[in-house]
Amino acid sequence: MARMVTTRRKVISTAAAWLVGFLIFFPILWMVLASFKTELEAFAIPPSFLFFHWTTENYVTVQERSDYFHHALNSIIIAGGSTLIAMLIAIPAAWSMAFSPTKRTKDVLLWMLSTKMMPPVGVLVPIYLIFRTVGLLDTRTGLVFILCLGNLPIVIWMLFTYFKEIPKDILEAARMDGATIGRELIYVLTPMAVPGLASTLLLNLILAWNEAFWTLNLSTLEAAPLTVFIASYSSPEGLFWAKLSAASTLAIAPILVLGWFSQRQLVRGLTFGAVK
Amino acid sequence: MATQQTQLLARTLLTPAVALLFIWMIVPLALTIYFATLHYNLLDPGSESFVGLENFRYFLTDPAFLASLQNTLVLVGSVLAITIILGVPLALLLDQQVVGLSIVRLMVIAPFFVMPTVSALVWKNLLMHPVSGLFAWIAHLFGLPAIDWFNDAPLFAVILIISWQWLPFATLILLTALQSLDEEQKEAAEMDGASAISTFIYITLPHLARPITVVILIETIFLLTVFAEIFVTTGGGPGLQTTNIAFLIYSQALIQYDVGSASAGGLVAVVLANIVAFFLVRIVGRNLEA
């Protein structure tokens with residue numbers, strides 16, 4: 001039975017929620033607006049909110065002057081590559097822990113979680129030196145490798161919690177009917193696991209796309225993804241607000257869309273199932 | 001034997017992940033410990049020598065360490081306080097009947113998906129710039145002097161930016177928890193004449209205790225190693241005012257090339273994070289059994 005909600009109360013909470021939502025979203029909105037202004041207007045006081053000369057020239061300049069797509073491609077390869085490889089390693093591991101748990105499974109899971117607690121800065125020095133020695137600094141391979149390992153515990157955990165929800169009886173029924181493990185995997189397990197796989201993929205793409213510790217420290221130019229590219233706008237001599245805004249808008253737009261789709265999984269993925 | 005075969009298979013499937021994570025955890029950590037006992041500077045190659053605990057003594061007695069430890073604690077504490085104190089009422093608000101709730105929720109969550117370098121630069125330039133920033137203009141409208149955020153209150157400016165990034169996370173988790181709260185319990189309290197405030201204190205808040213703990217622990221783990229936001233806005237300055245432990249270690253390693261001391265610092269960071277991790281792992285572990 002739903003509680004009675006008076007119209008008055010509904011109007012008030014609606015107004016309050018929209019106001020707060022707008023305030024929180026405002027910096028992003030302001031950035032998107034600035035990306036369509038001229039440099040002069042982006043800097044102008046008093047600022048113009050909607051009535052300015054709308055232009056798309058910043059987007060053109062960002063690509064021409066700084067090879068935006070090179071860095072966007074790096075982001076796609078690094079985030080996509082690291083996530084896919086992590087999934088390939090994690091799916092069998094999570095599958096095995098969810099369906100053939102042993103006495104040690106819980107300890108293994110918690111140990112995996114604890115590797116994620118290691119602050120990256122604690123191992124910055126050795127990773128940097130190893131990368132320097134083997135020539136992985138500023139390479140996409142190196143970043144794919146590091147981000148893959150960094151996110152592997154989260155990937156395994158998310159998959160594990162999804163796999164555990166798949167009823168085991170169905171697998172047993174399939175086995176009774178003479179299905180081999182391979183067939184069981186392809187025809188029974190996979191279709192049921194697809195939603196969980198998709199959400200895991202999505203959340204970890206987002207995390208890898210926005211990762212800004214290893215990318216800033218291990219890449220400079222060639223392999224630099226968008227996080228590093230945007231950081232290059234922080235130097236005082238290169239301060240162009242409208243262009244910074246255009247580059248930023250392009251950098252966050254795809255992930256904002258993905259993120260909105262994955263908001264439910266976000267809680268699950270980042271709390272390791274501690275909040276449902 | 002089907003079961004034995006299955007078990008063997010299960011172990012085979014698990015091995016790559018365990019092996020990789022084991023190497024990922026042990027090798028760099030062992031190297032960090034090893035480097036921490038050396039005098040080792042990349043600018044002075046060939047002079048490596050064993051110095052025992054000298055690097056730890058140097059790192060821990062360095063005034064920069066105390067300053068950065070303090071900054072780290074202030075930063076973590078403030079962001080936690082802000083995100084939870086604002087997150088609880090915000091989650092309660094979004095739990096009400098709101099027209100267009102899905103759109104409001106999207107707006108509230110959005111900052112979490114913005115990459116750290118973008119949010120830091122947009123806040124620093126478009127909003128907090130002392131002359132042309134929007135905040136300066138708003139202050140001017142009210143006849144107030146503009147705040148030069150990154151000179152007058154640099155750490156607070158960084159705290160504001162990071163709070164904006166993490167408020168959605170806290171809100172979303174608290175909202176998820178609120179939605180699992182038994183409506184009937186609240187209804188019963190209301191019928192018994194409980195005021196909204198006492199319903200909140202005696203029913204809602206206890207229900208939120210656990211998610212709040214989880215938010216605190218997870219945010220702390222990420223906040224202890226905040227880096228990008230400081231890197232692109234202040235570079236740790238002015239002076240050491242916004243240098244946290246992560247940034248201090250970074251600057252010793254990759255600016256001063258002092259491998260030994262940076263490694264010692266890295267181990268200090270690992271110990272700090274592990275204290276928090278210990279509690280988080282316990283909570284998650286308890287949940288795993290339930």
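How many residues does the contact take from chain A and from chain B? I looked this up first, bearing in mind that the model is predicted.

**Entry: the contact between the chains**

I found that 87 residues from chain A and 87 residues from chain B enter the contact. I then asked which element of chain A gives the largest share of the side that touches chain B. Helix α1 of chain A, residues 7-35, supplies that share with 16 residues. I also sorted the chain A side of the contact by residue class: 66 residues are nonpolar, 17 are polar and four are charged.

**Entry: chain A as a whole**

I turned next to the make-up of chain A. I recorded 13 helices and zero strands. Read from the N terminus, the order of elements is accordingly α-α-α-α-α-α-α-α-α-α-α-α-α.

For the overall dimensions, I noted that the C-alpha atoms of chain A fill a box of roughly 75 × 70 × 35 Å along the principal axes. The radius of gyration of chain A is 23 Å, whereas a compact globule of 276 residues would have a value near 19 Å.

I then looked up burial and found that 47% of the 276 residues of chain A count as buried. On contacts within chain A, I considered pairs at least 6 apart in sequence; 78% of these contacts join residues at least 24 apart.

**Entry: helix α12 of chain B**

Is helix α12 of chain B, residues 245-254, largely enclosed or largely open? I noted that nine of its 10 residues are buried, so α12(B) is largely enclosed by the rest of the structure. The buried residues that I listed in α12(B) are I245(B), A246(B), F247(B), L248(B), I249(B), Y250(B), S251(B), Q252(B) and A253(B).

**Entry: helices α5 and α8 of chain B**

At what angle do the axes of α5(B) and α8(B) cross? I took helix α5 of chain B as residues 116-127 and helix α8 of chain B as residues 154-179. Their axes come within 10 Å and cross at roughly 130°. Angles over 145 degrees would count as roughly antiparallel and those from 65 to 115 as roughly perpendicular; α5(B) and α8(B) are therefore oblique to each other. I recorded the crossing of α5(B) and α8(B) as right-handed.

Which residues make this contact? From α5(B) I listed P116(B), S119(B), A120(B) and W123(B), and from α8(B) I listed I161(B), W164(B) and Q165(B). By class, the contact of α5(B) with α8(B) has five nonpolar residues, two polar residues and no charged residues.

Note on methods:
Residues numbered from 1 in each chain as written. Chains lettered and ligands numbered in written order. Predicted model: local features only at pLDDT ≥ 70, side-chain atom pairs only at ≥ 80, totals over all residues. Contact = placed C-beta atoms within 7 Å. Helix = DSSP H or I, 4+ residues; strand = E, 2+ residues; numbered from the N terminus. Nonpolar A, V, L, I, M, F, W, Y, C, P; charged D, E, K, R; others polar. Buried ≥ 20, exposed ≤ 12 C-beta atoms within 10 Å, placed from the backbone. Axes fitted to C-alpha atoms, helices over the stretch in contact; angles between N-to-C directions. Parallel < 35°, antiparallel > 145°, perpendicular 65-115°, else oblique. Left-handed = near helix turned anticlockwise from the far one by under 90°. Rg over C-alpha atoms; globule rule 2.2 N^0.38 Å.
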